[in-house]
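Visitor: I should like a close look at a single part of this model, namely one pair of packed helices. Please describe the geometry of the pair and the confidence of the chain that holds it.

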There are 2 protein chains.
Amino acid sequence: MSSVDGVGVSPGNVPVYHGDNLKAMIDRRVRLAEMVLRCLICGLGVLAAVLIGSDTQVREFFTIRKKAKFTDMKALVLLVVANGIAAGYSLIQGLRCGLSMIKGSVLFNKPLAWAIFSGDQVMAYLLMASLAAAAQSSVIARLGQPEFQWMKVCSLYEKFCTQTGEGMASALVVSLGMITLSCISAFNLFRLYGGNKAKSSGRW
Amino acid sequence: MSSVDGVGVSPGNVPVYHGDNLKAMIDRRVRLAEMVLRCLICGLGVLAAVLIGSDTQVREFFTIRKKAKFTDMKALVLLVVANGIAAGYSLIQGLRCGLSMIKGSVLFNKPLAWAIFSGDQVMAYLLMASLAAAAQSSVIARLGQPEFQWMKVCSLYEKFCTQTGEGMASALVVSLGMITLSCISAFNLFRLYGGNKAKSSGRW
């Protein structure tokens with residue numbers, strides 16, 4: 001890969017002249033990182049949703065048959081929904097990102113950059129909030145809350161809790177990836193508002 | 001307030017020549033919004049921490065005397081700590097912001113902008129996560145979780161739960177304010193990386 005193609009000879013919205021090689025290289029690396037992160041989030045989001053969504057355990061207490069499933073805990077339902085949405089959103093964004101890499105265009109379209117930035121921000125906070133709520137529920141389920149006489153349910157449903165934990169680990173990676181992506185999309189958006197510095201840097 | 005002073009005759013790191021009035025006006029408004037938000041977060045963060053931290057209720061069940069306090073619920077302790085940190089952080093940042101407004105300097109210092117951006121991001125996610133965890137605990141306390149035989153404690157400690165709810169409403173405003181601030185600091189940081197567009201906009 002030469003450092004000029006993809007940006008220097010760009011058919012994108014605004015071509016960059018003068019072969020600013022360093023900027024072109026940074027641009028391509030940022031776009032590659034974005035692409036990798038979006039694929040990672042898509043895969044791990046599906047994994048988290050499947051791991052938690054398919055999680056059940058049946059136990060018999062004397063004559064009573066009890067089944068634990070993820071819908072018993074509303075926070076887990078929220079986590080499954082949030083990760084499902086994140087996976088779908090990342091798939092669409094990943095396709096857009098791949099398309100712009102193939103076309104070699106650079107993002108200089110403010111409304112699109114604002115839309116991507118807003119979407120990434122909402123997803124990052126939604127994922128983080130749903131994970132925190134599920135983590136709180138899980139801590140209570142694991143340790144109990146003796147002050148309120150909330151008993152440890154994980155000692156009854158060990159396998160159920162372990163699988164939920166695996167799903168949450170996957171959801172944690174998804175959240176961290178989405179936070180990183182929201183920083184990348186903030187970079188892609190707000191650098192469009194630069195220019196002050198270039199103007200006042202003594203070249204004028 | 002004229003639209004030139006504060007930026008046009010700036011004693012800051014990099015003065016802006018040619019009286020770019022629109023940019024100067026946007027700069028001053030962004031800085032003013034930042035200042036107002038930091039003060040708001042400082043005040044409401046203290047309010048949230050005090051409301052929840054001072055919340056206790058004593059009840060007598062026949063011969064047993066029971067006291068509910070915020071330390072019974074670990075998520076509330078986390079929320080108090082997070083809001084306390086946010087208030088202190090915002091006080092320091094507010095002072096910095098006020099100082100830069102008095103001096104009339106514009107932020108063109110990348111390491112400082114990175115530090116502010118990172119701090120705001122960490123605070124925003126910390127506040128959001130602690131609020132989500134506390135909200136999850138509160139929902140269980142309010143509605144109970146019959147599948148796990150976790151009983152509603154809010155029916156026993158009505159006054160305690162109401163005051164916690166007020167504290168959480170305050171914490172919600174703090175979180176939203178910090179999210180807005182993290183967008184503002186992203187804008188302040190990443191526009192320093194602009195310039196591509198100015199160069200290729202036909203003026204060169």
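Guide: The crossing of helix 3 of chain A and helix 4 of chain A is left-handed, a term used when the near helix is turned anticlockwise from the far one by less than a right angle, clockwise being right-handed. This is a predicted model, in which local features need pLDDT of at least 70, side-chain atom pairs count only at pLDDT 80 or more, and totals for chains, interfaces and linings use all residues. Residues are numbered from 1 along each chain as its sequence is written, chains are lettered from A and ligands numbered from 1 in written order, and side-chain values use heavy atoms, without hydrogens and water.

Helix 3 spans residues 110-143 and helix 4 residues 158-190 of chain A; helices are DSSP runs of H or I, at least four residues, numbered from the N terminus. Their axes come within 8 Å and cross at roughly 155°, with axes fitted to C-alpha atoms over the stretch in contact and angles running from 0 to 180 degrees between N-to-C directions. Helix 3 and helix 4 of chain A are therefore roughly antiparallel, the word for angles over 145 degrees. The residues of their contact comprise 22 nonpolar, 5 polar and 4 charged; Ala, Val, Leu, Ile, Met, Phe, Trp, Tyr, Cys and Pro count as nonpolar, Asp, Glu, Lys and Arg as charged, and the others, Gly among them, as polar.

As to confidence, chain A has a mean pLDDT of 84, with 84% of its residues at 70 or more; pLDDT is the predictor's confidence in each residue, from 0 to 100. Over residues 1-17 of chain A the pLDDT is below 50. The model scores ipTM 0.82 and pTM 0.83.

Methods: Helices (H or I, at least four residues) and strands (E, at least two) are DSSP runs, numbered from the N terminus. Angles under 35 degrees count as roughly parallel, over 145 as roughly antiparallel, 65 to 115 as roughly perpendicular and the rest as oblique. Contact means heavy atoms within 4.5 Å.
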